[in-house]
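User: I am new to this structure and would like a close look at a single part of it, the surroundings of one aromatic residue in the core. Please go through that part slowly, and then show how it sits beside other contacts elsewhere in the chain.

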Amino acid sequence: NKRNSRIMPPYLAYKSDLGAGRVLYWVGGTGTWNTTVGTKWALTSGGTGGEPVPTALDDVYFDGNSSAAQPFPDTCTLSSSSVCRSASFALYPGILSHPNSTTWTIHGGLILGDPIFGTSMTYSFTLASALTPTILFAATSGSWYISTAGLTMPNETFNGAGGTWVFFDDNTSTREFNLIAGSLYTAGMAVTGLSFTGDGSTTRALYLSSSQIYMSQAIGFDAWDFDTVTGLTFDAGTSTVNLTAVITGNVLFSGGGLTYNNVNITPNTGNALTEITGANTFANLTVANTDIVPSELRFYADQTITGTLALSGSTASIRLMASSDTYETPRTLTAATVSMSNMDFRDITAGGAANWDLSAITGRSGDCFGNTGITFSTPRDVYWYRNTGEYHSVTQWFTATGGGGVLATCPIPQDT
């Protein structure tokens, strides 16, 4: 079909219908997307401008005739009312500027380059601010590709009842992925950002396939937020969700009681707390404290792990404590197998076929009370020797007074 062959090469074709809109080309050099005076939009590549600005029905092209070449590229600047059906930037050598607090609404697909033949990345996609620019994908019918061609994206919001989006390549956002309505297929691509949110009650679907998801939670965000899952279809596939935090702050996994494949949570420097909400099921769940201070893993509901539950502190002194969110209200961890080191527990009930004898694990196991079904390390007496220092010091605890006996790790809860 001639019109679709102009919109996108066959390997990345847009939806099959012709649509009711125009095919428009940017020929305005440097200017604002919504400029209505001048010669910014044309019906052919490099053609005569003067066409009205794009509407939600129009497919737009930025190509080699849309800008001067590097090192003096032209810039097209988006405005708050910038809209189109779909957009292609293959071979565009210029700059697309997306100002702060500006939402670009796309009712179809977005192709930021030629991800197969490697000829598309001769342009620069520039954000005036990485804080609040948003691309709103608002298709209400059809299936649409999103190809970032290796560029970093701003906020990405998917809100189109009846629309479907498919990631054609890896997708990295400076901020948040927010699924409100419609169906999103990550298609095995790596997805990287600060937060992935699907909380709500509208009809929506998320298919993770074999994707690796990397969310680094920042202050003001939740790494994984699926607290309310009414209306949600969710398929974890063989994916792995990897969560950490940016510099400081907690890591929140709001699972919504869904079934996940692999989930890895890694508290890092400055993190005091990892929270898991919802009565979730995991194929494998790993939480590893890599911090320089002890950390807490807090469960708000019972969890089921059909494979391996792997929990670990950083060292025998820099530990991880698994706990219930409510004192004296135990949370049950049902696991097929467990792998533990440098761990403490409070108000945890051990369940499943796993061997919960943790008495001899690396770094020992600490009993902070309220636990059931776990065999803990034997208590011992330890003594602080000389000088000031951190409680979790690795050089000032000994098994006898006056620095006698042998060097010991810091006390665990049942020690004296």
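Analyst: A residue is called buried when its relative accessible area is under 20%. Phe-253 has a relative accessible area of 0%, and it is therefore buried. The model in which this value was computed is a predicted one.

The ring of Phe-253 has a partner in Trp-224: the two ring centres are 6.4 Å apart and the planes meet at 10°, so the pair is stacked. This pair links distant parts of the chain, since Trp-224 belongs to strand β22 (residues 224-225) and Phe-253 to strand β25 (residues 251-254), 29 residues apart. Trp-224, too, has a relative accessible area of 0% and is therefore buried.

Around Trp-224 there is a broader set of neighbours, and, leaving aside residues up to four places away in sequence, Trp-224 touches Phe-253 and also Phe-196, Leu-206, Leu-208, Ile-213, Phe-234, Val-241, Leu-243, Leu-252, Ser-254 and Tyr-260. Several aromatic residues in this part are also joined through their rings, in a cluster that includes Trp-224, Phe-253, Phe-196, Phe-234 and Tyr-260, together with others such as Phe-137, Trp-165 and Phe-282. On a wider scale, the largest nonpolar core has 76 residues, and Trp-224 is listed with Trp-104 and Trp-356 as those with the most contacts inside it. Strand β32 (residues 331-341) gives the most to this core, with four residues.

Stacked rings also occur elsewhere, and a search of the whole structure finds 31 aromatic pairs. One of them joins Tyr-25 and Tyr-61, whose ring centres are 5.0 Å apart and whose planes lie at 15°, so this pair is stacked. Here again distant parts of the chain are linked, with Tyr-25 in strand β1 (residues 23-26) and Tyr-61 in strand β4 (residues 59-61), 36 residues apart. Both Tyr-25 and Tyr-61 are buried.

Charged contacts can be set beside these aromatic ones, and the structure holds nine salt bridges. In one of them Arg-22 meets Asp-58, with the closest N and O atoms 2.6 Å apart. Arg-22 lies in the loop between α1 (2-7) and β1, whereas Asp-58 lies in the loop between β3 (41-42) and β4, so the pair ties together parts that are 36 residues apart in sequence. Asp-58 is buried, with a relative accessible area of 2%, while Arg-22 is partly exposed at 21%. A network of salt bridges links Arg-22 and Asp-58 with Glu-51.

In another salt bridge Arg-85 meets Asp-59, the closest N and O atoms being 2.9 Å apart. Because Arg-85 lies in the loop between β6 (83-84) and β7 (86-88) and Asp-59 in strand β4, this pair ties together parts that are 26 residues apart in sequence. Arg-85 is buried, with a relative accessible area of 6%, and Asp-59 is buried as well, at 1%.

A last example brings a charged residue and a ring together, for Arg-346 lies over the face of Tyr-327, at 3.9 Å from the ring centre. Arg-346 belongs to strand β33 (residues 343-346), where Arg-346 and Asp-344 point one way and Met-343 and Phe-345 the other, and all are buried. Strand β33 pairs in the parallel sense with strand β31 (residues 320-324) over four bridges, and also in the parallel sense with strand β35 (residues 365-367) over three bridges.

Definitions and conventions: Residues are numbered from 1 along each chain as its sequence is written. This is a predicted model: local features need pLDDT of at least 70, side-chain atom pairs count only at pLDDT 80 or more; totals for chains, interfaces and linings use all residues. Side-chain values use heavy atoms; hydrogens and water are left out. A nonpolar core is a set of buried Ala, Val, Leu, Ile, Met, Phe, Trp, Tyr and Cys residues joined through side-chain atoms within 4.5 Å. Buried means under 20% relative accessible area, exposed over 50%, partly exposed in between (1.4 Å probe, protein chains only). Helices (H or I, at least four residues) and strands (E, at least two) are DSSP runs, numbered from the N terminus. Contact means heavy atoms within 4.5 Å. Two strands pair if DSSP finds at least two bridges between them. Rings of Phe, Tyr and Trp (its six-membered ring) pair if their centres lie within 6.5 Å; planes under 30 degrees apart count as stacked, over 60 as edge-to-face and the rest as tilted. A charge sits over a ring if NZ of Lys or CZ of Arg is within 6 Å of the ring centre and within 35 degrees of the ring normal. A salt bridge is a side-chain nitrogen of Lys or Arg within 4 Å of a carboxyl oxygen of Asp or Glu.
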